[in-house]
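Work through the following exercises with the sequence and the model side by side, and try each task before reading its solution.

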Amino acid sequence: MALNARLDHRNPLVFDTHELGRRPGALQRLTRTVDAPKDFGIRGVIGVPEGAPVELELRMESVMEGVLVTGTARARAEGECVRCLEPVELELEADFQELFSYPDADDRGRVIAEPGDDAEDDEDRFFLEDGLFDLEPLLRDAVVLALPMQPVCQEDCPGLCPECGARLADDPDHHHDAVDIRWAALQGVADSLRSGDKDETSGAEAGVDEKQEK
């Protein structure tokens, strides 16, 4: 990740590390409840609703090359069952850990003249900006990894009837009489023959009646 651009300390997901200084071993713990940002989860499947409370527990430790951030996020996620489409709610707990590097230090904590010379390395790293770091990208990744890709209302959810769409959990005995397609055509022919026989019989009876009248 490249250097952050103009982080706003008023953003509840932006944290200040100035109290740690650059003293390796310095430690700070804090808790904070923030509002979930937009699209916080797996879009169209399950996620934490925008504005819902997210409880954060953070441990920030100063190391040679930056600040190591370890934490846990807790929130309630909402979605729908992939089998029966009923609403699903679950308690989410996502753990995360990441090193936020000093902009002027390399992987070994040594000061370098111009940070960001190696663009490929920078893309995989998180950086501090004026002692601040933005937790949102890291938190978003952790939440997505902690959520089920195919949420279900219960592990043994039988889903919906493929013929009529009825929820099978509400009616365990629900079924439809199966028709063997191999006999369906013959059944149609048999029905036609029966209809033809009835027509011929009716015609014959009509002819007999006419003769009797004569």
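At 49% relative accessibility, L85 counts as partly exposed, because that class lies between buried (under 20% relative accessible area) and exposed (over 50%), taken with a 1.4 Å probe and protein chains only. The model is predicted, with local features needing pLDDT of at least 70, side-chain atom pairs counting only at pLDDT 80 or more, and totals for chains, interfaces and linings using all residues. Residues are numbered from 1 along each chain as its sequence is written, and side-chain values use heavy atoms, with hydrogens and water left out.

**Exercise 1.** Describe the backbone and the place of L85.

Solution. Begin with the backbone: L85 is not a glycine, yet its phi is positive, at about 70°. Then locate L85 along the chain, in the loop between β6 (66–80) and β7 (87–101), where strands are DSSP runs (E, at least two residues) and helices likewise (H or I, at least four), numbered from the N terminus.

**Exercise 2.** Carry out the analysis for D39.

Solution. The phi of D39 is positive, about 55°, although D39 is not a glycine. D39 belongs to the loop between β2 (27–35) and β3 (40–42), and because its relative accessibility is 39%, D39 counts as partly exposed.

**Exercise 3.** Set out the architecture of the protein chain.

Solution. First count the elements, which gives three helices and nine strands; next read them along the sequence, which gives the pattern β-β-β-β-β-β-β-α-β-β-α-α. Finally, turn to contacts (heavy atoms within 4.5 Å): of those with a separation of 6 or more, 63% are between residues 24 or more positions apart.
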